[in-house]
Amino acid sequence: MLLTITTTAKPATDLGFLLHKHPERVQEFGQSFGTATVFYPEAGEERCTAALLLEVDPIALVRSRGRNSPDFSLSQYVNDRPYAASSLLAVALADVFRTARAGRCKARPELPGTALPLEIRVPALPCRGGPELARRLFEPLGWTVEAQPLPLDEGFPEWGESRYVRLTLSGTVLLADALNHLYVLLPVLDDGKHYWIASDEIDKLVKAGAGWLGEHPERGLITRRYFGRRWSLARAALARLAELGDETEEELEPALAEEAPADEAAAFTADPAASDAAASDPAAADTGAAADVPEAGPEGEAAPGGPPEPKARPLNTLRREAVLRRLEELGATSVIDLGCGQGELVAALLARPRFARVAGMDVSSIALTIAARKLRLDRMPDAKRARLTLFQGALTYTDKRLAGYDAAVLMEVVEHVDPPRLAALERVVFGRARPEHVLVTTPNIEHNVRYEFLTGLRHPDHRFEWTRAEFAAWADRVAAQYGYHVAFEPVGEDDPEVGPPTQMGVFTRDQRS
């Protein structure tokens, strides 16, 4: 299996810093199923290409699997796994480029935050759904996609096309994002994994999909395929994305079942237990076309003889509503959302005419592009468009565009900043921009014990998460230093033992300052 990553950003050899692999060396990495090799076919100032070559040992692959493997049969010895990109390549990529996927580079810390012109090539990729599915999965992420079908046999064109494509992706993307896109979507396109899927895959998907999967129009299909249609795992992952991301759970639920081959249609059932049974015993499942049916789940499910139980409202919805409510109570008419991401709060502000000026700023050009698309900027009425400003910037650098607003919002932003750089953010927002009000929300780490599937921090990009006491100490110090006073509010259910899931500080500038 082969995957190449090419950039033309100057100097192009900075790709070596980002990947933590020196362009002048050939490096090998042992895997349980073979050997991964990283080398550079070209490495110059104008253009640099890194290649990941995975050589699979079919015998080692079989021996590395447990007896619970869903494919424990003779067919493991005779299949396309050693040749075509699949979950094997995704696993090797995750291992070899672990630090790059996390967006860290000690030698050049400024590089991971810079979007690069990238071209990624995969010569042979199983794609159940054909070239169109590859475009549906990658284009919403900012990629230009070329997926060329490969013939079954070039010597016999009358045999038609195979299920394989030659995939080329091009776009200006953060390298960490590109690697995480590949890690999730390669096995999704293949529609199969070489290892047994267990509950720990939920954390892997949530971490790798942070910042993009919750917004993806095909998130339902991606999640179902990623978990091999194990509904209980898929539903738990969707709930995690709804809780920690930027969409409500209802929006994350797929409205229509994925189109599937006839032999797979039985897997789409309303009952997770029946779906699991169908996977192991096709005779246990109904036949026929995939139906548009709701997934079973503990919330909102009608009890015998009683009305449906109300669904818990997602935390991200409660967080936005709390911020909007406080902005209205404070009388703000101009608001800037610092770290606006893909524009959910900006959209909510624009929907309220009382906010005459609304701005969104983010360090990610891709996020701003998606925000513009979601806001339908090209079709927005002139009067509404005149109220809106979107621009790229960094919170650790003084920027005159941040000044002149009644209120600034830092919603789930500060925890993404390295602690040594928090002082720069404080100086830029509270010292230079100096809005009358600043609203800061951040996770309460004490509440994390209430999330059943959560291990570690809530997001792989979080540099820290504060307790209530730590957040109060930081907020009090900043308020005293820059002439503000601060009040604290819980967001979400205020658990008597561990507090609310989100904590909010409302800073108001002292009239004397």
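This note covers the sheet, the helices packed on it and the cavities of a predicted model.

1. Basis. Local features need pLDDT of at least 70 and side-chain atom pairs count only at pLDDT 80 or more, while totals for chains, interfaces and linings use all residues. Residues are numbered from 1 along each chain as its sequence is written, and side-chain values use heavy atoms, with hydrogens and water left out.

2. Sheet. Seven strands (DSSP runs of E, at least two residues, numbered from the N terminus) make an open antiparallel sheet, ordered E2-E3-E4-E1-E5-E7-E6; pairing requires at least two DSSP bridges between two strands. Strands E2 (27-31) and E6 (144-151) are at the edges with a single partner strand each, so one side of each has no neighbour in the sheet. From one strand to the next the twist averages 15 degrees (axes are lines fitted to C-alpha atoms, for helices over the stretch in contact; angles run from 0 to 180 degrees between N-to-C directions).

3. E1 and E4. Six bridges join strand E1 (residues 2-7) to strand E4 (residues 48-56) in the antiparallel sense. Ile 5 stands opposite Ala 50 in E4.

4. Helices (DSSP runs of H or I, at least four residues). Helix H5 (residues 130-138) packs on the sheet, touching E6 and strand E7 (161-173), with its direction at about 160 degrees to that of E6; contact means heavy atoms within 4.5 Å. Helix H6 (residues 175-190) lies across E1, strand E5 (116-126) and E7, at about 15 degrees to E5.
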